[in-house]
Amino acid sequence: MQRGFERLVVPVAGSQTDTRVLDMLPDLFRKDGGAVTFLYVVEVPQAMPLDAELPVEIEDGERALRHAENVARKTLPERSTHIVTELLQARAIGPAIVDEAIERGADAIVMTASIHRKHGRDSLGDTTNYVLLNAPCEVVVIRTAPEEPNQR
């Protein structure tokens, strides 16, 4: 990764974990900049049509994307960095992230993950697993520290 990346896809969730990724972005780009696509995916339940109106979720996504864009504009070189925001509705978040990376010709996907318990076992979650297994590019995962100590 010495050369840095030219095209990044960065999923955001509108949470505190986004800050960790946003702080690292300047270190991930090439010195001459590049393009970053901030992506927010609204997961639509199977019982609803894919184009269902979800105003609360859409507003949350727009807020998260605005925040990511504002932070990036302050920290990344303005003249050499192209910033795009994308809000999608999809059945599953992982495939939407991978599809966006393919569409954008991304060099890397940069995302956060946290460990949680699923069926009694530690897991990074379905989204992270899907992206790691199916991404056509490098994946930079920042595993955030647990909020509470593990009770084992």
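**A walk around the pocket, helix H2 and Val 139**

Guide: In this predicted model, the largest pocket holds about 430 Å³ of space. Its lining is made by 20 residues, and nearest the centre lie Ala 13, Ile 93, Met 111, Thr 112 and Thr 127.

Visitor: Which elements give two or more residues to that lining?

Guide: Those are helices H1, H3 and H4, along with strands E2 and E4. By class, the lining has 11 nonpolar, eight polar and one charged residues.

Visitor: On to helix H2. How do you know what span to expect of its 21 residues?

Guide: The expected span is 1.5 Å times one less than the number of residues. For H2, residues 55–75, that gives 30 Å, and the helix reaches 30 Å from its first C-alpha to its last, close to what is expected.

Visitor: Which residues of H2 are buried?

Guide: Gly 61, Ala 64, Leu 65, Ala 68 and Ala 72 are. Seen down the axis, the buried residues fall within an arc of 95°, so they line one face of the helix. Their cover includes H1, E2 and strand E3. On the other side of H2, Pro 55, Val 56 and Lys 74 are exposed.

Visitor: Why is Val 139 called partly exposed?

Guide: Buried means under 20% relative accessible area and exposed means over 50%. Val 139 has 23%, so it counts as partly exposed.

Visitor: What does Val 139 touch, leaving aside residues up to four places away in sequence?

Guide: Val 139, which lies in strand E7, touches Ile 109, Met 111, Val 131 and Leu 132.

Methods: Residues numbered from 1 in each chain as written. Predicted model: local features only at pLDDT ≥ 70, side-chain atom pairs only at ≥ 80, totals over all residues. Heavy atoms only, no water. 1 Å grid on protein atoms, 1.4 Å probe; cavity = no way out; pocket = protein on both sides within 12 Å on 5 of 7 lines; lining within 4 Å. Points joined across faces, edges and corners; volume = space filled by probe spheres on them. Helix = DSSP H or I, 4+ residues; strand = E, 2+ residues; numbered from the N terminus. Nonpolar A, V, L, I, M, F, W, Y, C, P; charged D, E, K, R; others polar. Buried < 20%, exposed > 50% of the residue type's maximum accessible area, 1.4 Å probe, protein only. Arc of directions from axis to C-beta. Contact = heavy atoms within 4.5 Å.
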